[in-house]
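Work through the exercises below with the sequence and the 3D structure open. Each task is followed by a solution in steps.

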Amino acid sequence: LLIGGIMADGLSILSDILGWIYFFAWSISFYPQVWINYKRKSVVGLSFDFLAYNFFGFLCYMTYNVALYSSNTVHKEYWKSFPHSNIPVDFNDVAFAVHAWLLTTITCLQCFVYERGSNTVSREARLVLVLLSGIVVSSLAYTFMYRDFLWFLDVLGFIKMFISLIKYTPQAWMNYRRQSTVGWSIENILCDITGGSLSILQEFVDAAHDHSWSRITGNVIKFGLGFISISYDILFILQHYVFYKEARKKEKTREKHVYPEDDGLQRTGTGTRSLHRVRDL
């Protein structure tokens, strides 16, 4: 019993550590893109379909986590479906979802401020988002009629999983079409694959602690999101470091030519570059 108690405490501590590490890894993953947009004063190379899907998806996921973590009504419904199980959402899950939606909102706002070229949300993405919004509204109406709030949260969770399944495709296609990942943050992907791996690992640690698979079957959304993100992250890493690395090298050469280390200013006149020349590069 003593050894079992020590192991249980150890697994609980390990789960907390993994949870907060994945929180920081996934949360940090949003900042490089915001910084790149700010530094370049441009969002060219960033898929607006990806951003639109991300905004809607994290809004659903934030609602899912906040309600499942804090609502007593939802807790009663969950324990009715999964008796003797712990609520499968921790505070770090809630913190991540709220933070992710806020950072996605900031990135969306950058699209209205910085140069965006011909970037726009495609007709197909708008249609998908309208259909998903219709599902949310109709599901919410059903929920208030039949008082099945856990079912509504499951709908939001699966919408988020569906969005994660499709949201990376526009960015991957844009990278392929441009034969370049310039403007797309690889740091975002490296942090994302770290967070996804640790998120899945935490699920298995929690299952071992509870001696039950309900921590996974009761929150298949979290497990699915981690698996989907890792799959796409591998593709983006290959695009950045293998398939389109030459385009990245050309961009670095261009930046050095436009912003040489010995002269960070762009002047006009004798012995200096003209501003028009800089803009043309």
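The model is a predicted one.

**Exercise 1.** Find the helix that holds Tyr241, then classify Tyr241 as buried, partly exposed or exposed.

Solution.
- Step 1: Tyr241 belongs to helix α10, which covers residues 220–243.
- Step 2: The relative accessibility of Tyr241 is 37%.
- Step 3: Buried requires under 20% and exposed over 50%, so Tyr241 is partly exposed.

**Exercise 2.** Which residues make the nonpolar surface patch, and which helix gives the most to it?

Solution.
- Step 1: The patch consists of Leu190, Ile234, Leu235, Leu238, Tyr241, Val242 and Phe243.
- Step 2: Its area is about 580 Å².
- Step 3: Helix α10 contributes the most, with 6 residues.

**Exercise 3.** Place Glu187 in its helix, classify its exposure and list its contacts beyond four places in sequence.

Solution.
- Step 1: Glu187 sits in helix α8, residues 186–210.
- Step 2: With 40% relative accessibility, Glu187 is partly exposed.
- Step 3: Outside its neighbours within four places in sequence, Glu187 touches Pro32 and Ile36.
- Step 4: Both Pro32 and Ile36 are buried residues of helix α2.
- Step 5: Tyr31 is 156 residues from Glu187 in sequence, yet their C-alpha atoms are 8.9 Å apart.

**Exercise 4.** Which residues of helix α2 are buried, and what phi does Lys41 take just after α2?

Solution.
- Step 1: Helix α2 spans residues 31–40.
- Step 2: Its buried residues are Pro32, Gln33, Val34, Ile36 and Asn37.
- Step 3: In an α-helix, residues three or four places apart point the same way, because there are 3.6 residues a turn.
- Step 4: Just after α2, the phi of Lys41 is positive, at about 55°.

Notes: Residues are numbered from 1 along each chain as its sequence is written. This is a predicted model: local features need pLDDT of at least 70, side-chain atom pairs count only at pLDDT 80 or more; totals for chains, interfaces and linings use all residues. Side-chain values use heavy atoms; hydrogens and water are left out. Buried means under 20% relative accessible area, exposed over 50%, partly exposed in between (1.4 Å probe, protein chains only). Helices (H or I, at least four residues) and strands (E, at least two) are DSSP runs, numbered from the N terminus. Patches are made of residues with over 30% relative accessible area and no salt bridge: like charges are joined within 9 Å, nonpolar side chains (Val, Leu, Ile, Met, Phe, Trp, Tyr) within 5 Å. Accessible areas come from the Shrake-Rupley method with a 1.4 Å probe; for residues, only the protein chains shown count as cover. A salt bridge is a side-chain nitrogen of Lys or Arg within 4 Å of a carboxyl oxygen of Asp or Glu. Contact means heavy atoms within 4.5 Å.
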